[in-house]
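Work through the exercises below with the sequence and the model open beside you. Each one sets a task and then solves it step by step.

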Amino acid sequence: MGLLSPWWLLGGVVAAGLPVWLHLLQQHKQDPIQFASTMLMERRTESTTYQRRLKYKALMALRLLLLLLIALAFAQPFLNKPPAILNAANVLHLIVVDNSFSMREGDRLNAARTAALAALPSGGVAQVWSLGSHVSFLSPVTKDRNELTGAINSVGPSDEKSSFAELARALRDAGRSSGRALQVSFVTDAQRTAMPPSFSDLVLEPGNELKVIDVGRKMPNYTVETVNAPRTISDLSKAKVNATLTAFNAPAAKKTVVLRINGKQIASKTVEVPENGRVTVEFTGLEGPYGWLRGEVAIADADALEADNKFYFTVERADPRKVLLIEEQRGSRAGMYFKTALESSTESFFRVEEMSAGNAASVNLSGYAFVVLNDPGLAVKGMEAALKTYVEGGGALLIAAGTQTGSLPVIPVVGIKSEGSKVATRGAQRFYAAANVDPTFPSLRRAGRLEGVRFFQFAGMEVPEGAVVAAKLDDGSPLLLEKKMGEGKVLVFASSFDNVSNDFPVKPGFVPFIEQTAAYLGNVEERTSSYLVDSYLDLRADQKRASSVEVLGPNGERALSLKEAAAASSLRLGESGFYDVRRENGRQELVAVNVDRRESDLDPTPRENLQLWEQTGKSAGGTGQAGSVVDTPQPEPQSFWWWVALFAFVTLLAESLLSARYLQAQA
């Protein structure tokens with residue numbers, strides 16, 4: 001036992017003298033009375049022994065006890081409570097089995113299961129985990145050995161990348177939430193690429209014990225590391241597929257590389273892979289029907305880890321997608337400039353159709369990649385509802401705001417308040433220039449910040465909440481603005497493309513601007529030919545809008561429940577293969593997913609690093625530094641002053657009752 005404020009107890013001992021003084025020293029009190037008959041008697045000292053004896057001993061004892069208890073309560077006494085980690089019965093045994101992609105090599109996973117079974121404790125509670133990119137709990141905390149054995153035997157391989165930092169984080173959380181000491185047996189191939197960049201991410205809580213059981217080995221391995229293929233193409237004979245082969249800890253070797261489309265081999269090449277190096281293979285020309293094609297580049301020869309010898313990708317074969325250009329001004333050169341700029345690009349995948357607003361009102365807009373409104377006026381009001389439905393359903397719209405748009409109170413479809421058409425004066429400011437241009441915005445990545453472009457007229461507009469302003473004019477007015485509407489998006493350019501309101505169409509940046517804008521609005525730029533396992537696929541842009549998305553996984557089964565299909569914003573891609581995504585608006589997308597190629601490097605972590613990790617739970621302060629002093633967890637102080645205060649209150653009641661009794665007796 002100890003005292004947090006011992007001086008209070010010393011003060012209580014001093015105060016305890018008060019009851020003694022009251023009960024002893026103040027007992028003998030008498031006033032002398034003079035009697036005439038006794039004045040001739042001899043004077044002598046009267047004995048006061050009897051009078052100075054202690055009276056009311058029980059009452060004094062209660063008062064002494066009360067003062068001492070009050071002083072003891074203020075001194076804050078405590079008892080040293082042994083911490084949980086010192087209690088052998090309060091230990092949780094964790095059996096963690098690494099089931100990342102690299103465990104597919106040889107019999108690593110079988111060896112890991114055997115080592116995990118041998119690590120099961122003979123007594124006490126335990127739990128079985130598996131580790132890939134995240135921790136999975138395979139059993140409850142239990143003493144049932146049969147249940148723990150079944151959980152270990154159920155561990156299967158995954159396509160995830162191993163992360164030791166994620167395991168350390170989960171162990172820290174488990175130790176804090178359970179209040180138990182952890183004894184962890186981690187069975188892994190100890191892959192070097194699983195180690196985090198910072199060793200501090202591996203630090204365990206003090207008192208936790210880690211044992212790393214290494215079942216891996218250094219093995220040479222060859223893999224298809226990356227594949228670059230066109231996302232969408234109309235002429236497959238012009239398609240080029242570039243694949244990179246990598247040798248990890250492997251000597252130089254000749255490898256046969258094959259290209260397959262929809263499971264059919266269409267080409268093969270033999271290349272020399274340098275020792276511990278890379279080589280690129282190029283295939284020209286693809287074969288396949290219209291629609292989505294499932295591509296695969298594979299190494300035909302076997303090696304240590306055959307599962308990474310193939311790389312998936314997707315290609316969409318389709319005719320050039322249609323773009324609807326709506327304008328009312330006859331003789332305007334805006335349509336000609338836009339159409340020429342879009343179709344002149346060698347990588348263009350779009351074909352422009354020009355219509356008036358009246359003719360476009362009866363057209364099914366879902367068949368167009370995106371719609372362009374060139375200086376829309378009152379004539380577009382008749383199809384404004386159809387345009388809103390098209391955009392909110394996942395379509396895209398480009399509005400070039402000219403003089404007619406600036407005269408309207410609100411810009412059509414997007415609903416942005418207009419501030420009128422503004423014209424540069426003939427005085428000091430003869431034109432406006434672009435300023436605050438965001439070069440990372442998709443439309444402006446190759447437009448050269450719109451340098452040298454002069455704007456003589458533009459439509460002023462307010463910036464609505466949630467909109468993104470990608471470029472401004474030098475007076476602060478928005479020049480290029482993006483607003484999300486439902487599942488789709490709208491770009492508003494504050495001027496026209498007619499070479500009258502500005503000279504942008506004759507500047508070098510115009511063609512790249514139109515090309516990149518078309519790729520952005522047509523969703524060509526957003527899609528990649530392949531994703532990595534553990535990445536996320538966006539399913540919907542507007543969470544408030546009810547829409548259903550159906551996803552079929554690589555095994556052909558639904559990857560989303562009915563609830564997730566109606567509300568989930570994204571999908572975690574947990575295994576390699578092809579995912580078939582079908583959206584409510586009829587759009588279909590085929591997504592290829594591949595394993596992170598860092599798992600292909602079978603080089604193990606040095607044993608010295610693993611030993612440092614094992615020592616982090618034992619090191620003083622949890623620093624994990626080598627050579628630190630082993631720290632034995634200290635007992636935890638548990639205060640009980642409130643029990644003392646309660647006892648003092650009871651003593652006060654007893655003292656009051658006894659004192660009242662004595663007073664009644666004297667009366």
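**Exercise 1: a hairpin and its neighbour**

Task: describe the hairpin formed by β11 and β12, and state what is particular about asparagine 262 in the turn.

Solution: β11 and β12 form a hairpin with two residues between them, and asparagine 262 in the turn has a positive phi of about 55°. The model is predicted, so that local features need pLDDT of at least 70 and side-chain atom pairs pLDDT 80 or more, while totals for chains, interfaces and linings use all residues. Residues are numbered from 1 along each chain as its sequence is written, and side-chain values use heavy atoms, with hydrogens and water left out. Strands are DSSP runs of E with at least two residues, helices are runs of H or I with at least four, and both are numbered from the N terminus; two strands pair if DSSP finds at least two bridges between them. Strand β11 (residues 253-261) runs antiparallel to β12 (residues 264-273), joined by nine bridges, and alanine 253 has valine 273 as its bridge partner in β12. β11 also pairs in the antiparallel sense with β14 (residues 291-299) over five bridges, where isoleucine 261 is partnered by glycine 295.

**Exercise 2: an open sheet**

Task: find which strands are the edges of the sheet with the order β28-β33-β32-β30.

Solution: This open sheet has four strands and mixed pairing. Its edge strands are β28 (531-532) and β30 (549-552), each of which pairs on one side only. For β30, the antiparallel partner is β32 (residues 577-583), with four bridges between them, and leucine 552 stands opposite aspartate 580 in β32.

**Exercise 3: a salt bridge between distant parts**

Task: locate the two residues whose side chains meet in a salt bridge at 2.5 Å, N to O.

Solution: A salt bridge requires a side-chain nitrogen of Lys or Arg within 4 Å of a carboxyl oxygen of Asp or Glu, and a search of the whole structure finds 25 of them. The pair in question is aspartate 601 and arginine 192. Aspartate 601 lies in the loop between β33 (588-594) and α13 (607-615), whereas arginine 192 lies in the loop between β6 (181-188) and β7 (209-214), so that the pair links distant parts of the chain, 409 residues apart.

**Exercise 4: a nonpolar patch**

Task: determine which helix gives the most to the nonpolar patch.

Solution: Patches of this kind join nonpolar side chains (Val, Leu, Ile, Met, Phe, Trp, Tyr) within 5 Å, from residues with over 30% relative accessible area and no salt bridge; areas come from the Shrake-Rupley method with a 1.4 Å probe. The patch, with about 1,000 Å² of accessible area together, includes Leu65 and Trp642. Helix α14 (residues 641-666) gives the most, with nine residues, and tryptophan 642 lies in this helix.

Note on methods. Patches are made of residues with over 30% relative accessible area and no salt bridge: like charges are joined within 9 Å, nonpolar side chains (Val, Leu, Ile, Met, Phe, Trp, Tyr) within 5 Å.
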